[in-house]
Every structure is written in C-alpha cells, then in structure tokens.
Amino acid sequence: MSRPAFGNAAAIEAKKASLTADIVHSELGKYLVSKWAASSGGSTSDFNSFRQSVEFSVLAKYLTLKDATFAAPVKEALFHEARALGRGAFGAVFLSFKKDTGSPMATKKMMKTIIKDKGSIRDA
C-alpha cells in the first residue's frame with residue numbers, strides 16, 4: 001500500500017494562495033479552524049492569523065490531495081476484488097479494497113445483457 005500523493009510543494013503553495021475565508025465553512029475547514037483556535041487561543045473568525053498556522057498548511061495539503069484524487073479517472077486497476085458479498089437478479093456485489101489506501105468498499109457489477117433481456121431499462 002502506497003502513501004497518498006499529496007502533490008508537490010508548488011501545488012500546495014498554489015492551493016494556499018487560492019484559499020479564501022469561505023473555506024472555513026467547509027467541514028474540514030471548520031474542524032481545523034476550531035482545533036487551531038483551541039490550541040492557540042485565537043478566534044475562529046480571524047482568518048489572517050489562521051493562514052499563518054500549521055493547521056492551514058494541513059488544510060491546503062488535504063485539499064490538494066482532494067483535487068488530485070478527483071482529477072484522476074476511476075479505473076478497475078485501482079481496486080483489488082477480494083470476494084463476493086452477494087448475488088442478485090442483475091449482478092453481484094463484491095468486497096473490494098482500494099490499492100493505494102487499503103480502504104474497503106463494496107462494488108456492484110451488473111450484467112447489462114441480463115438487464116436488457118428482462119426489459120428492466122429502455123436505453124441499454
């Protein structure tokens with residue numbers, strides 16, 4: 001299992017420069033601002049002081065990772081299929097693991113020919 005690709009230092013610095021005070025309204029932003037305010041005694045509304053903190057760097061790092069993750073196409077090669085969890089009328093559900101993070105998830109494989117034969121959908 002490899003480490004997530006957070007991006008290079010230039011990408012993280014570019015993300016830091018592009019962030020505005022609106023980012024503190026996101027779930028991750030709220031969490032990191034409250035953590036910073038509790039540890040430093042700062043105010044959660046003081047964005048300029050927050051920009052100088054380690055927590056702001058962490059926020060930029062994870063947002064860079066998010067951008068890289070969403071930019072990459074999802075392919076079957078990114079996952080390892082472990083075993084079948086269940087079977088249904090149109091396909092099966094499998095236990096899969098994401099290769100780079102090891103995160104478990106369920107994937108559903110549907111048989112298009114069976115769905116078309118049963119007339120379950122029009123545009124297949």
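Which residue in strand 2 does arginine 87 stand opposite?

1. Arginine 87 stands opposite alanine 92 in strand 2, and this pairing is a convenient place to enter the sheet. The model is a predicted one, and the points below should be read with that in mind.

2. Strand 1 and strand 2 pair in the antiparallel sense over 7 bridges, and the two strands form a hairpin with 3 residues between them. Strand 2, which covers residues 91–98, is in turn joined to strand 3 by 7 bridges, and these two strands also run antiparallel. On that side, alanine 92 stands opposite lysine 109 in strand 3, while towards strand 2 from the other side it is arginine 87 that stands opposite alanine 92.

3. Taken as a whole, the sheet is open, has 3 strands in the order 1-2-3, and is paired in the antiparallel sense. Its edge strands are strand 1 (79–87) and strand 3 (104–110), each of which pairs on one side only. Neighbouring strands in this sheet are turned against each other by 35° on average, with direction ignored.

4. The structure holds 4 salt bridges, among them one between the side chains of lysine 109 and glutamate 81, with an N to O distance of 2.9 Å. Because lysine 109 lies in strand 3 and glutamate 81 in strand 1, this pair ties together parts that are 28 residues apart in sequence. Lysine 109 is partly exposed, at a relative accessible area of 38%, and glutamate 81 likewise counts as partly exposed, at 33% relative accessibility.

5. Another of the salt bridges is formed by the side chains of aspartate 100 and lysine 98, again with 2.9 Å from N to O. Aspartate 100 has a relative accessible area of 28% and is therefore partly exposed. Threonine 101 is found in the loop between strand 2 and strand 3; this threonine is partly exposed, with a relative accessible area of 35%. The C-alpha atoms of threonine 101 and threonine 69 are separated by 12 Å, the two residues being 32 residues apart along the chain.

6. Turning to the helices, the side chains of aspartate 67 and lysine 15 meet in a salt bridge with an N to O distance of 2.6 Å. This pair links distant parts of the chain, since aspartate 67 belongs to helix 4 (residues 54–71) and lysine 15 to helix 1 (residues 9–18), 52 residues apart. Is lysine 15 buried or exposed? With a relative accessible area of 18%, lysine 15 is buried, because it falls under the 20% limit used for that class. Aspartate 67, by contrast, is partly exposed, with a relative accessible area of 38%.

7. Two packed helices are described by the angle between their axes and the distance between the axes. The axes of helix 1 and helix 4 come within 9 Å and cross at roughly 110°, so the two helices are roughly perpendicular to each other. In this contact, Ala11, Ile12, Lys15 and Lys16 of helix 1 meet Phe56, Ser57, Ala60, Lys61, Leu63, Thr64 and Asp67 of helix 4. By class, the residues of the contact divide into 5 nonpolar, 2 polar and 4 charged. Lys15 and Asp67, both listed in this contact, are also the partners of the salt bridge with the N to O distance of 2.6 Å.

Conventions. Residues are numbered from 1 along each chain as its sequence is written. This is a predicted model: local features need pLDDT of at least 70, side-chain atom pairs count only at pLDDT 80 or more; totals for chains, interfaces and linings use all residues. Side-chain values use heavy atoms; hydrogens and water are left out. Two strands pair if DSSP finds at least two bridges between them. Helices (H or I, at least four residues) and strands (E, at least two) are DSSP runs, numbered from the N terminus. Axes are lines fitted to C-alpha atoms, for helices over the stretch in contact, and angles run from 0 to 180 degrees between N-to-C directions. Buried means under 20% relative accessible area, exposed over 50%, partly exposed in between (1.4 Å probe, protein chains only). Angles under 35 degrees count as roughly parallel, over 145 as roughly antiparallel, 65 to 115 as roughly perpendicular and the rest as oblique. Contact means heavy atoms within 4.5 Å. Ala, Val, Leu, Ile, Met, Phe, Trp, Tyr, Cys and Pro count as nonpolar, Asp, Glu, Lys and Arg as charged, and the others, Gly among them, as polar.
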